[in-house]
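This report covers the internal cavities and the nonpolar cores of one protein model. Please keep the sequence and the structure at hand while reading.

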Amino acid sequence: MSFRHLGRIVIPPPNAERYTTVCQFCNVGCGYDVYVWPAGEEGGLKPGEHGVVYKIKDTVYDRELKPESTDFTRIEPLSHYLGIPWISESMVVRTIRRDWFRGRGTGEWREVYVAQIPSPECPINKGNHSIRGGTNGERNWSPWNVAGARRLKFPMVRFGGRLEVVTWDYAIDLVARVVKGVIDKWGVDNPKWGKEGHSIFAHRMDHGGGGGGGMIENVTAGLFFFYGVRTAFARIHNRPFFGPENPAIGDAGPGAMNNSLHDLRLADVIVFWGTNPYTTGTVMFIEHALSNLRGATADEKGRWFDGEPVVDTYMIIVDPRKTETVEAARAAARDRVLHLAPEPGTDIVLANAIARVIYEKYRNTVDNILQVYRQAAQRGFGWDENAWRLYIEEALEINRKPLDQYLAEAERITGVPRRDIEKAAEILGAPKPGGYPKRVWLMYEKGIIWNQNYRSIYALVDLCIMTGAFRGIAGTGCQRQGGHQEGYAGPEPPPPPWTNERLHMSPWNFAKLNRIELKTYDDYKRLFTQWYQTIYADGYYRTKWAMGDRYMPTTDFRLEGGEGRVLWVHDMDNYKLAPAAHRLKAAVSERSWRVTRYVFAQDFAGITAKDSVDQYDTRVLDISVITRPTSEEYAKLVLEALEKTGGLFVIVQDIYPIFMMEDAHVVLPVAFNNGEVPDVRMSVHERRFRISDAWLDPPGEAKPDWWIYAMVARRIVELYEAEGRGNDPVARRFRNAFQPIWDAMERNARDPRVEVENEIFKTYIANADETFGKLGVDWEVQYWTPAFKNLDLNILRKFRTVGVILPLTELKTNPDGSVEARGIVNIMEPALNSQYREEVVIARPDGTIERRIEIVSSEKAKGYAVNRLRAWPSLWLGYPPYVAELMKDYKYWVLNGRYNEIWQTGYADPNSEVLIRRWPYAFIQINPDDARREALQNGDIVVVYNPHGSVPAIVWISEVVKPGMIFLIMAHPYSVGANAVTTPSVEPVAQNPDYKLTRANLGKIGSLKPEVKAILTFKDIKFS
Ligand code: SF4
């Protein structure tokens, strides 16, 4: 039960338990303090009467909070900055939890209050929160709230047409037997590893945030799938393969997360390109970007600019829509905001055009910046002069096409007027008084990532190289925004069986594969020609992707083509998230029901195996299974079905029901990593790394992900042992991978104070080098450094919501008992300068946390800093074939994205009644001119359709979109959203889908009743 509508909330009493966590939602990673105390008790308003205590000295942001700061009798708007947070009704919940006196998960159930309050100590949010984060508290499950009612609580298995509750033993045995059977039967022999289970496909989230996972969850999933099963066919989140979203910026050198919010606050020019941060990174935008734009960080700049003038900040926003971000920025500084609205998909042309103008008109700026890279090159930094020349000549056509002609073409393709291109170039390129180049900070996200990924990102990287966004001084940076926090750790996935390497076909991998030497400029030119021809002209533009070709290990294509025997889906709903989602759903559903019909229809409905291959027989839906097969009998029939029918065994592992459960054979209920199991994850914007602790027991019999993997692994080993094959390489793999976790579980059973998650952290994350070294595989722990070896969950608990920033250069315990962590603020800085900013966080024994930035010698960061910077020419090649095809007959660009309040697929949003009342349906925004032409009114119901699918939506007439474009939410709690009409187009190098490039028509099918319409709003968001 939340405290909404009660008109009052309760304040934690002095004896409340306190936990540290980060928001379960977006990339920003705002810190939250959680308090748990017996229901019925509450604290008073004055310091000492309550348990809300802050102790921080933050000299970076010039703040000090003490226990006496938190006087709730002095609460007022924005008083969270002073350490007096606003605790709203949506932040507190009444629920039940076990008595944790003897360790987590023991003792009697008791009624408790849980308050989840934005943390004034956290340097990211300083107590601020967004409309999403403000509801974190009420999304904790309770026996009396919707979250509690909706949660998956017991393992379930399909018996005929129904999913029915089973014991964990049953579910684990069934899953283990099927997984083992599939590896035994269809495994691919590998001389080193034994049989590899490439027929087992995994779909999973990898991100931080409650919807996905942090490092602990990810590392155990990796142990299971990449080490134990050894499958090449995993899918992460929104991509139909397992790999990065941002390989271009990695290939260039800096990587996708290279700077900090400190830099954002100090920038002279802020660029948001293909991202809508008011909606998707709210606190980062309001607290840091808008503060800078309004001039509120001018004093901070003065401290860091060392005599360089502080000038008014400009913001450039590139988005086809006039988003809330544009409105909010204009409300803050109307004359210093430039909005560029290119035609979808033409960002490469726009970025190159701006760069061309800068190169020609602000040559001194460019030369000053190049000088930084060239000087660093003399000290060993990998500045690639040939690649730079190639970019200037091939992408900017500097010696080939006059500027007027170049810009006229850019204007025609992008629809952005030449004067705006030149204005953007001036904002970025014109020097400050005294000739100083501006400090440029650029952030991009899905508008680029989901739009011809590799070349689009590289076009921005090139622009950032030219404008000095990578020159590693305070106020500069160029990176992704992120959709979630991050926290990846685990063994590297094995390559597909037909190749030795997992490659994205970057120019450099292409050169390696084709033995193209890269010494002279002519070598680069040859690579450029061959790579573009092979990858794009032949691979992307001349043909559509065949199912499962050699270099596109996309699981969607393969599942649709009949490959794979098991599909194990974790924390995601690909009936909403996959490109051309209807196509994937049709294939998975049809193949899953072949198995169900085979297993149950023969005995119960008289449908033969042959029937079950050839026809869809609805009789199976009504089968009531009175005598359940044992898990062993069930598994045997499944393996037969997989062999005879080409079916697919589907396992869903999640916290809430998802659309894919319609076709699941097994459902495994999971503990939420927002309060039910500890994990670690980092903010995307400054790699701030914190614990998201546990303060609740999961509902019913839900279990942590790591527990599920460990138990299935153990059962697989037992099955091999029972056959006398305990030394089979597959059994050995699972045993070697999971033995330390099984040991920790045993110790925990004897003494609940042994925290298994901490043991997992220490073994596989902090000491990943040793552990994976022994296992004999490559591994990744994001931003791991040797300082990690001293880290564990209890140390992270001391750093509370401040955490530490990665990469860590040092972690030590001082003689006075304080713990000190040091990390790099901007990882370009030590690469290009003799000194860099190091954030120092000290946790004192009395609980005080100190945070400061020190300038230290770059020698210290050798080995952690970026070691190269490499441009590459991005060319505009027209639209990809699936998209070009639609352009002939489909009128509207379907822009897609999020609403501020709705998170991801909307999986957790039905828990909050106010959110669902605000967004009960998927809407489309349509321009008034188009609405008039289509004879549409607000509240009409239309179907948006193209050959890939269709989806109903409610009309919202809005100036936010231009004529010829509609905006459709990416996913809605009760609807597929935009992926009903996205295409299967996948960018060939980065293998990310072109979600942002699709077209559709629409047709009216009705109108909402007036009484329903009356409770909705169709007003655009305005700011004053
Ligand atoms: S901005 Fe993001 S991380 Fe911060 S409170 Fe909102 S949803 Fe959570």
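What is the volume of the largest cavity? In this predicted model, the largest cavity has a volume of about 620 Å³. A search of the whole structure finds nine cavities of 30 Å³ or more.

**Cavity linings**

The largest cavity is lined by 37 residues, and K446, G447, N896, G897 and K996 are the closest to its centre. Two elements, α15 (446-449) and β32 (892-897), give two or more residues to this lining. The largest share, three residues, comes from β32.

The second largest cavity has a volume of about 200 Å³. Its lining has 19 residues, of which E324, Q925, W956, V960 and I1021 lie nearest the centre.

The linings of these two cavities break down by class as follows.

| Cavity | Nonpolar | Polar | Charged |
|---|---|---|---|
| Largest cavity | 10 residues | 19 residues | eight residues |
| Second largest cavity | six residues | four residues | nine residues |

**Nonpolar cores**

Which residues touch the most other members of the largest nonpolar core? They are F224, M315, W568, F689, F734, F738 and I741, in a core of 167 residues. For I741, leaving aside residues up to four places away in sequence, the contacts are T220, L223, W706, A710, V756, I760 and Y764. A second core, separate from the largest, has 119 residues, including I354, A376, Y391 and W508.

Conventions. Residues are numbered from 1 along each chain as its sequence is written. This is a predicted model: local features need pLDDT of at least 70, side-chain atom pairs count only at pLDDT 80 or more; totals for chains, interfaces and linings use all residues. Side-chain values use heavy atoms; hydrogens and water are left out. On a 1 Å grid over the protein atoms alone, a cavity is a set of points where a 1.4 Å probe fits but cannot get out, and a pocket is an open set with protein on both sides within 12 Å along at least five of seven lines; lining residues have an atom within 4 Å of a point. Grid points are joined across faces, edges and corners, and a volume is the space filled by probe spheres set on the points. Helices (H or I, at least four residues) and strands (E, at least two) are DSSP runs, numbered from the N terminus. Ala, Val, Leu, Ile, Met, Phe, Trp, Tyr, Cys and Pro count as nonpolar, Asp, Glu, Lys and Arg as charged, and the others, Gly among them, as polar. A nonpolar core is a set of buried Ala, Val, Leu, Ile, Met, Phe, Trp, Tyr and Cys residues joined through side-chain atoms within 4.5 Å. Buried means under 20% relative accessible area, exposed over 50%, partly exposed in between (1.4 Å probe, protein chains only). Contact means heavy atoms within 4.5 Å.
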